[in-house]
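Trainee: Could you show me how to read a protein model, one feature at a time?
Mentor: Sure, have a look at this one and we'll go through it together.

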Amino acid sequence: MAADVIDHNKIIVGEPDEPGAAFEGIRMQLDAFDPFHLQVEEVVREGDKAVARLTMSGTHSGTHPRMPVPTHKSFRNEAIFLFTLREGKIAEVRAVSDRLGLFLQLGWDWPESD
């Protein structure tokens, strides 16, 4: 990823809203879920765009901004990431994932607002 990557959808709630903050979002994700696995299922690329379908799984074993007390429950869900590439690096990230499924699997309360 580019040092100033723009994360349009925030990898994790609480991630700062500034260029390069995706690195902090990834760190927070890894702190909250250990073990954490990411499987790339498929990638499609055209020009400066790439789309990846991913399967993520892990165990809520650390502090997460939405649920600070670990549940020690496991999850498995899918996500779709759209990357904009610049000079061979990811410059922008847009993503959607099955957050409802994640919350249900981990036993988290659904947020009333974001």
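**Reading strands, rings and a pocket**

Mentor: Let's start with one small detail: F83 has V93 as its bridge partner in β5. Keep in mind that this is a predicted model.

Trainee: Okay, and how do β4 and β5 run where they are joined, and by how many bridges?

Mentor: General idea to begin with: strands in a sheet pair through backbone hydrogen bonds, and the pairing can be parallel or antiparallel. Here β4 and β5 run antiparallel, and 8 bridges join them. They also form a hairpin with 2 residues between the strands, where E87 takes a positive phi near 55 degrees.

Trainee: In which sense do β1 and β5 pair?

Mentor: β1 and β5 pair in the parallel sense, over 2 bridges. To find the spot on screen, look for I6, which stands opposite E92 in β5.

Trainee: What about β3, which strands does it go with?

Mentor: One of them is β4: the two run antiparallel and are joined by 11 bridges. T55 facing E78 in β4 is an example. Then there is β2, which pairs with β3 in the antiparallel sense over 11 bridges. Over there, V43 has A52 as its bridge partner in β3, and V44 sits opposite V51 in β3. β2 and β3 make a hairpin as well, with 2 residues between the strands, and G47 in this hairpin has a positive phi near 60 degrees.

Trainee: So what is the order of the strands in the open sheet?

Mentor: Read across, the 5 strands of this open sheet go β1-β5-β4-β3-β2, and the pairing is mixed. β1 (6–7) and β2 stand at the edges with a single partner strand each, so one side of each has no neighbour in the sheet.

Trainee: Is β3 mostly covered or mostly open?

Mentor: Mostly covered: 9 of the 12 residues in β3 are buried. Take S57, which is found in strand β3. S57 has a relative accessibility of 16%, and because buried means under 20%, S57 counts as buried.

Trainee: Which residues is S57 in contact with, leaving aside its neighbours within four places in sequence?

Mentor: Those contacts of S57 are P35, F36, H37, F75 and R76. Remember F75, as we'll meet that residue again.

Trainee: Can you give me a residue to compare with S57?

Mentor: Try L100, found in helix α2. L100 has a relative accessible area of 48%, so it is partly exposed, a label that runs from 20% to 50%. While you're there, find W110: its C-alpha atom is 7.7 Å from that of L100, and the two residues are 10 apart along the chain.

Trainee: Now the rings. How many aromatic pairs does a search of the whole structure find?

Mentor: The search finds 4 aromatic pairs. In general, you describe a pair of aromatic rings by the distance of the centres and the angle of the planes. For F33 and F75, the centres are 5.1 Å apart and the planes lie at 65 degrees, so this pair is edge-to-face. The pair links distant parts of the chain, with F33 in strand β2 and F75 in strand β4, 42 residues apart.

Trainee: Are F33 and F75 buried or exposed?

Mentor: F33 and F75 are both buried. Another aromatic pair is F103 with W108, again edge-to-face, at 5.2 Å centre to centre with 75 degrees between the planes. F103 and W108 are buried too. Put these together and you have one aromatic cluster: F33, F75, F103 and W108.

Trainee: Last one: what volume does the largest pocket have, and how many residues line it?

Mentor: The largest pocket has a volume of about 700 Å³. Its lining has 37 residues, and I11, Q29, M56, F81 and R99 lie nearest the centre. The elements giving two or more residues to that lining are α1 (22–32), β2 (33–46), β3 (49–60), β4 (74–86), β5 (89–97) and α2 (99–106).

Trainee: How do the lining residues divide into nonpolar, polar and charged?

Mentor: The lining of the largest pocket has 26 nonpolar, 6 polar and 5 charged residues.

Notes:
Residues numbered from 1 in each chain as written. Predicted model: local features only at pLDDT ≥ 70, side-chain atom pairs only at ≥ 80, totals over all residues. Heavy atoms only, no water. 1 Å grid on protein atoms, 1.4 Å probe; cavity = no way out; pocket = protein on both sides within 12 Å on 5 of 7 lines; lining within 4 Å. Points joined across faces, edges and corners; volume = space filled by probe spheres on them. Helix = DSSP H or I, 4+ residues; strand = E, 2+ residues; numbered from the N terminus. Nonpolar A, V, L, I, M, F, W, Y, C, P; charged D, E, K, R; others polar. Phe/Tyr/Trp six-rings, centres within 6.5 Å; stacked < 30°, edge-to-face > 60°. Buried < 20%, exposed > 50% of the residue type's maximum accessible area, 1.4 Å probe, protein only. Pairing = 2+ DSSP bridges. Contact = heavy atoms within 4.5 Å.
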